[in-house]
Amino acid sequence: MINKIEKCNLVDEAYKQIYNSITEHVWAEGEKIPSENQLCKLLNVSRIVVREALQRLRTERWIVTYQGVGSFVANPQNFEGLESDIKHAPVVSMSYQEFRDVMEFRACIEYSAIKRAVAAAGDEELKACLDLAEEMEQCQEDPEAFTQADYDFHMQILRCSQNKMYYQAMESCVEKVQYCLGIMNSLNDSRRWAVGLHREIGECLCRRDGKAAIELLKKNGEYNLARMSQFFPDAVQEEKGREI
């Protein structure tokens with residue numbers, strides 16, 4: 001018996017290929033995926049097809065998007081129960097703009113500190129960063145201890161810079177910095193990923209590869225701005241406004 005050959009659904013096929021690249025770890029969590037234009041060329045489909053496929057992945061939390069920067073591979077478990085049960089969602093007491101300000105403040109200081117650290121710090125000082133990444137791994141089941149180790153990791157980078165102003169500037173904002181780290185580390189299944197990232201940064205510092213360490217820190221910052229926007233009411237409303 002001969003049956004009709006069904007026309008291929010291009011959106012389904014585009015979705016499937018991107019989904020497979022994520023679930024088969026071709027693209028890892030936190031990694032920026034190709035742009036819409038690049039995906040159009042890679043998949044040989046129109047922008048409309050790519051956008052529909054990406055929107056489906058965004059709805060399923062496989063990707064998150066930071067306006068003007070791009071889309072990143074996400075971990076759906078971070079958002080478990082977000083729409084129906086807030087027990088996994090952090091309760092935020094600042095605006096998304098305030099959160100973004102803290103992240104940008106940290107980036108300005110830490111990027112410069114890394115450049116100085118790889119040139120000025122001793123081997124043991126740099127190794128202390130890697131030791132703190134290992135400490136983070138040991139306390140994954142304790143969010144408060146994990147966040148403290150996370151904060152100590154970034155403060156050690158500033159100490160390694162041999163510039164007291166960097167260290168003092170971060171200390172002056174300790175409550176806001178630790179608060180932001182805390183809400184990021186409170187996401188379901190977030191700490192496992194953070195350990196791997198901090199270990200990579202620590203290894204780069206020990207090799208005195210400041211460029212690679214800064215690139216990892218930048219990627220981490222952009223990804224966190226994208227995924228955390230889902231938990232701030234003002235950011236969610238802003239995104240809805242763009243969709244109208």
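A crossing of two helices is left-handed if the near helix is turned anticlockwise from the far one by less than a right angle. Keep that rule at hand for two of the stops below. The model on screen is predicted.

**Stop 1: the whole chain**

Show the chain as a cartoon. It has 11 helices and 2 strands. Following the sequence, the elements come in the pattern α-α-α-β-β-α-α-α-α-α-α-α-α. Of the 244 residues, 43% count as buried. Now consider the contacts in the chain with a separation of 6 or more: residues 24 or more positions apart account for 74% of them.

**Stop 2: α6 and α9**

Select residues 143–160, which form helix α6, and residues 191–206, which form helix α9. Their axes come within 12 Å and cross at roughly 20 degrees. Angles under 35 degrees count as roughly parallel, so α6 is roughly parallel to α9. Turn the view until one helix lies in front of the other and apply the opening rule: the crossing of α6 and α9 is left-handed.

Next, show side chains. On the α6 side, the contact is made by Pro-143, Phe-146, Asp-150, Phe-153, His-154 and Ile-157. On the α9 side, the residues are Arg-191, Ala-194, Val-195, His-198, Ile-201, Gly-202 and Leu-205. Sorted by class, this contact has 8 nonpolar, 3 polar and 2 charged residues.

**Stop 3: Phe-146**

Stay in α6 and select Phe-146, which lies in that helix. Is Phe-146 buried or exposed? Its relative accessibility is 0%, so Phe-146 counts as buried. Leaving aside neighbours within four places in sequence, Phe-146 is in contact with Met-136, Cys-139, Gln-140, Asn-185, Arg-191, Ala-194 and Val-195. Then draw a distance from the C-alpha of Phe-146 to the C-alpha of Leu-132: the two are 10.0 Å apart in space and 14 residues apart in sequence.

**Stop 4: α5 and α9**

Keep α9 on screen and add α5, residues 123–138. The axes of α5 and α9 are 8 Å apart, and the helices pack at an angle of about 165 degrees. Angles over 145 degrees count as roughly antiparallel, and α5 and α9 are therefore roughly antiparallel to each other. α5 passes α9 in a left-handed crossing.

The α5 residues to select are Leu-126, Lys-127, Cys-129, Leu-130, Ala-133, Glu-134, Met-136 and Glu-137. They meet Ala-194, Val-195, His-198, Arg-199, Gly-202, Glu-203, Leu-205 and Cys-206 in α9. By class, the contact of α5 with α9 has 9 nonpolar, 2 polar and 5 charged residues.

**Stop 5: α4 and α10**

Hide the previous pair and select α4, residues 96–120, together with α10, residues 210–228. At what angle do α4 and α10 pack? The angle is about 175 degrees, with the axes 10 Å apart. The two helices are therefore roughly antiparallel to each other.

From α4, the residues in this contact are Tyr-96, Phe-99, Arg-100, Met-103, Glu-110, Tyr-111, Ile-114, Lys-115 and Val-118. Opposite them in α10 are Gly-210, Ala-213, Ile-214, Leu-217, Lys-218, Gly-221, Asn-224, Leu-225, Ala-226 and Met-228. The contact of α4 with α10 has 12 nonpolar, 3 polar and 4 charged residues.

**Stop 6: the nonpolar cores**

Bring back the whole chain. The largest nonpolar core has 56 residues. Select Phe-99, Ile-201, Leu-205, Met-228 and Phe-232, the residues with the most contacts inside this core. At least two residues of the core come from each of β1 (63–66), α4, α5, α6, α8 (174–185), α9 and α10. Which helix gives the most to the core? It is α4, with 9 residues.

Apart from this core lies another, of 18 residues. To find it, select Val-11, Trp-27, Ile-33 and Leu-57, which are among its members.

**Stop 7: two loop residues**

Select His-25, in the loop between α1 (10–23) and α2 (36–43). Its phi is near 65 degrees, a positive value in a residue other than glycine. His-25 counts as exposed because its relative accessibility is 65%, and the cut-off for exposed is over 50%.

Finally, go to Asp-189, in the loop between α8 and α9. Asp-189 is also a residue other than glycine with a positive phi, near 60 degrees. At 23% relative accessibility, Asp-189 counts as partly exposed.

Key
Residues numbered from 1 in each chain as written. Predicted model: local features only at pLDDT ≥ 70, side-chain atom pairs only at ≥ 80, totals over all residues. Heavy atoms only, no water. Axes fitted to C-alpha atoms, helices over the stretch in contact; angles between N-to-C directions. Helix = DSSP H or I, 4+ residues; strand = E, 2+ residues; numbered from the N terminus. Parallel < 35°, antiparallel > 145°, perpendicular 65-115°, else oblique. Contact = heavy atoms within 4.5 Å. Nonpolar A, V, L, I, M, F, W, Y, C, P; charged D, E, K, R; others polar. Core = buried A, V, L, I, M, F, W, Y, C linked by side-chain atoms within 4.5 Å. Buried < 20%, exposed > 50% of the residue type's maximum accessible area, 1.4 Å probe, protein only.
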